[in-house]
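Open the structure in your viewer and keep the selection panel at hand. The tour goes stop by stop.

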Amino acid sequence: MVIKNLARAIGALTLALAPLLPSPAAQAAPAAPAAPVAEVTTLADAVGLLKVTEENRSGYTASSFRHWNAGEDPTDGCDTRAEVLLAEAVVAPTVGSGCKLTGGRWTSYFDGQEVTDAGSLDVAHLVAPAEAWDSGASAWTAEQREAYANDQGSDVSLVAVTSRTNRQKADKDPADWMPPSPEVQCRYTAEWVSTKLRWQLTADDRELEALKVYAEGPCEDAIVRYAPAV
């Protein structure tokens, strides 16, 4: 009788604790990988982290980087470009059928222009795909290049700008082009370095010297934040 009562007591305790204990399936499931921890440093220090090599554009074509894909939310009917425009809108646009954006307002990063027509904006890669190719992306898989082309894991990789300034920038690095608005040049330099470090891209000698002009001068205290791309 004592043994039976003890068995019942143990059984009751097990049932009481069951909701608190992980299921066998949960115990067997591997833990989700932790998100990369963002590095935070000054521009002056971040520039020193860039690896310097010669650039090589051999083999590059515009189709080397697939964009735009279905974006972060494949169920919302909007591609990466539209999702970036929605995220950067100062006044949210109306989202119609096929993710057509009407209304809304944006401030173009590079030149500070106010824009009320989504169709007149470009979503620019801060570091253009051709420049990324030169700097190490030529060795990536097609999947890695697609991830780069549609990178919303960092809010500085893709930016909404006027088409005119994006055409002027093209695939130039800071040795050959800077935003025409002086007030955003420190931000641009910091975010350029952030993107290169996030994707482990290199810099060439001219690019590095141009970055140092800002990093050792007016922008030395600009903050660089980056998390390694997964």
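What follows is a short walk through a predicted model.

**Stop 1: two helices**

Select residues 185–198, helix α8, and residues 205–215, helix α9. Their axes come within 10 Å and cross at roughly 135°. Angles over 145 degrees would count as roughly antiparallel. The two helices α8 and α9 are therefore oblique to each other. Which hand does the crossing of α8 and α9 have? The crossing is left-handed.

Now show the side chains at the contact. From α8, pick Gln185, Thr189, Trp192, Val193 and Lys196. From α9, pick Glu207, Leu211 and Tyr214. Colour the contact of α8 with α9 by residue class: four residues are nonpolar, two are polar and two are charged.

**Stop 2: another residue of α8**

Stay on helix α8 and select Ser194. Is Ser194 buried or exposed? Its relative accessible area is 3%. The cut-off for buried is under 20%, so Ser194 counts as buried. Next, display what Ser194 touches, leaving aside its neighbours within four places in sequence. Val156, Val224, Arg225 and Tyr226 are in contact with Ser194.

**Stop 3: an aromatic pair**

Move to the loop between α8 and α9 and select Trp199. Add Tyr148, in helix α6, residues 142–149. The rings of Tyr148 and Trp199 form an aromatic pair, 5.2 Å centre to centre. The angle between the planes is 80°, and the pair is edge-to-face. Tyr148 and Trp199 are 51 residues apart in sequence, so the pair ties together separate parts of the chain, helix α6 and the loop between α8 and α9.

Check the accessibility of both partners. Tyr148 is buried, with a relative accessible area of 3%. Trp199 is buried too, at 11%.

**Stop 4: the ring cluster**

Widen the selection. Which residues do ring pairs link into a cluster with Tyr148 and Trp199? Add Tyr60, Phe65, Trp133 and Trp140. For the model as a whole, the count comes to 11 aromatic pairs.

**Stop 5: back on α6**

Select Ala147, also found in helix α6. Ala147 is partly exposed, with a relative accessible area of 37%. Its sequence neighbour Tyr148, by contrast, is buried. Finish with a distance: pick the C-alpha atoms of Ala147 and Arg66. These C-alpha atoms are separated by 8.5 Å, although the two residues are 81 residues apart along the chain.

Note on methods:
Residues numbered from 1 in each chain as written. Predicted model: local features only at pLDDT ≥ 70, side-chain atom pairs only at ≥ 80, totals over all residues. Heavy atoms only, no water. Axes fitted to C-alpha atoms, helices over the stretch in contact; angles between N-to-C directions. Helix = DSSP H or I, 4+ residues; strand = E, 2+ residues; numbered from the N terminus. Parallel < 35°, antiparallel > 145°, perpendicular 65-115°, else oblique. Left-handed = near helix turned anticlockwise from the far one by under 90°. Contact = heavy atoms within 4.5 Å. Nonpolar A, V, L, I, M, F, W, Y, C, P; charged D, E, K, R; others polar. Phe/Tyr/Trp six-rings, centres within 6.5 Å; stacked < 30°, edge-to-face > 60°. Buried < 20%, exposed > 50% of the residue type's maximum accessible area, 1.4 Å probe, protein only.
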